[in-house]
Amino acid sequence: TIEVSNGSIFDFGVSTGSPLQLYLLGDTTVTQGASDVLIKAEDGIFVEGQNNTIKVTKNFVIEGQLNFNAGAHLVFEFDKLAENPAVIFKSTAYDTLTLPTQARLEFRGKGSVWFQDGLSIQLEGTTALNKAILSVTESAALRLGGVTDPAAVGSSVVTIQGTGHVVIDSG
């Protein structure tokens, strides 16, 4: 278990042999290292508080949990010097990504976010003042991936439901 608040992690990677429980508790920056990252099915990233950023330099593949507390904020920021950085949400046992009241998940910069076929995104805001937000901006590309290879264009169904805002802007 790793808990980070008001701090940074550099050259981030994940061990293939041990489960990871990463808690981003606010004002936290995690910078990916020079290798692809796989958040395995038994791993979890838990987002609490505001101003949490993961800087993506290669492929950042999520098969495990990505959990948000109400009001939590996470930005996946693509490194502008990297070649084709991507965040890839693979469909696994955690096929539903839930954004509770006032939670915000953002993807920014020149890179791609891939949602694999079968993923469901649940926005749990209740009124105009506390909606969950899913945002893809500043030249980030939103892509839908195929069943077997999430980074291959194919027939895909991704469901976004609930009360919230979805912002897709070319930048």
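Leaving aside neighbours within four places in sequence, which residues is N130 in contact with? That's the warm-up, and its solution is in Exercise 1.

Before you start: this is a predicted model, where local features need pLDDT of at least 70, side-chain atom pairs count only at pLDDT 80 or more, and totals for chains, interfaces and linings use all residues. Residues are numbered from 1 along each chain as its sequence is written, and side-chain values use heavy atoms, with hydrogens and water left out.

**Exercise 1. Place N130 and list its partners.**

Step 1: Find the element. N130 sits in the loop between strand 15 (120-124) and strand 16 (132-137); strands here are DSSP runs of E, at least two residues long, numbered from the N terminus.

Step 2: Check burial. With a relative accessible area of 16%, N130 is buried (buried is under 20%, exposed over 50%, partly exposed in between, with a 1.4 Å probe and protein chains only).

Step 3: List the contacts, meaning heavy atoms within 4.5 Å. Beyond its neighbours within four places, N130 meets T101, Q102 and G125.

Step 4: Add the side chain. N130 and T126 are joined through their side chains by a polar contact of 2.9 Å (a pair of N or O atoms within 3.5 Å; within protein, one must be able to donate a hydrogen and the other to accept it, and residues adjacent in sequence count only if both atoms are side-chain atoms).

**Exercise 2. Describe the surroundings of Q32 and follow its strand to the neighbours.**

Step 1: Q32 belongs to strand 4 (residues 28-32), and its 4% relative accessibility makes it buried.

Step 2: Look at what it touches. Not counting residues up to four places away, the contacts of Q32 include D11, V37 and K58. A polar atom of the Q32 side chain is 3.4 Å from the backbone nitrogen of K58.

Step 3: Go next door. Strand 4 and strand 7 run parallel, joined by four bridges (strands pair if DSSP finds at least two bridges between them). T29 has T53 as its bridge partner in strand 7.

Step 4: Ask why strand 7 counts as largely enclosed. Four of the five residues in strand 7 (residues 52-56) are buried, so the rest of the structure largely encloses it.

Step 5: Carry on to strand 10 (residues 73-78), which runs parallel to strand 7 with five bridges between them. There, N52 stands opposite L74.

**Exercise 3. Pick out two residues with unusual phi.**

Step 1: Recall the background. Most residues other than glycine have a negative phi.

Step 2: Take D11. Its phi is positive, about 55 degrees, although D11 is not a glycine. D11 is placed in strand 2 (residues 8-12) and is exposed at 61%.

Step 3: Take E138. It also isn't a glycine, yet has a positive phi of about 55 degrees. E138 lies in the loop between strand 16 and strand 17 (141-145), partly exposed at 49% relative accessibility.

**Exercise 4. Characterise T96.**

Step 1: T96 is in strand 12 (residues 96-99), and at 47% relative accessibility it is partly exposed.

Step 2: Setting aside neighbours within four places, T96 is in contact with S120 and Q122.

Step 3: Compare sequence and space. T96 and Q122 are 26 residues apart along the chain, with 6.9 Å between their C-alpha atoms.
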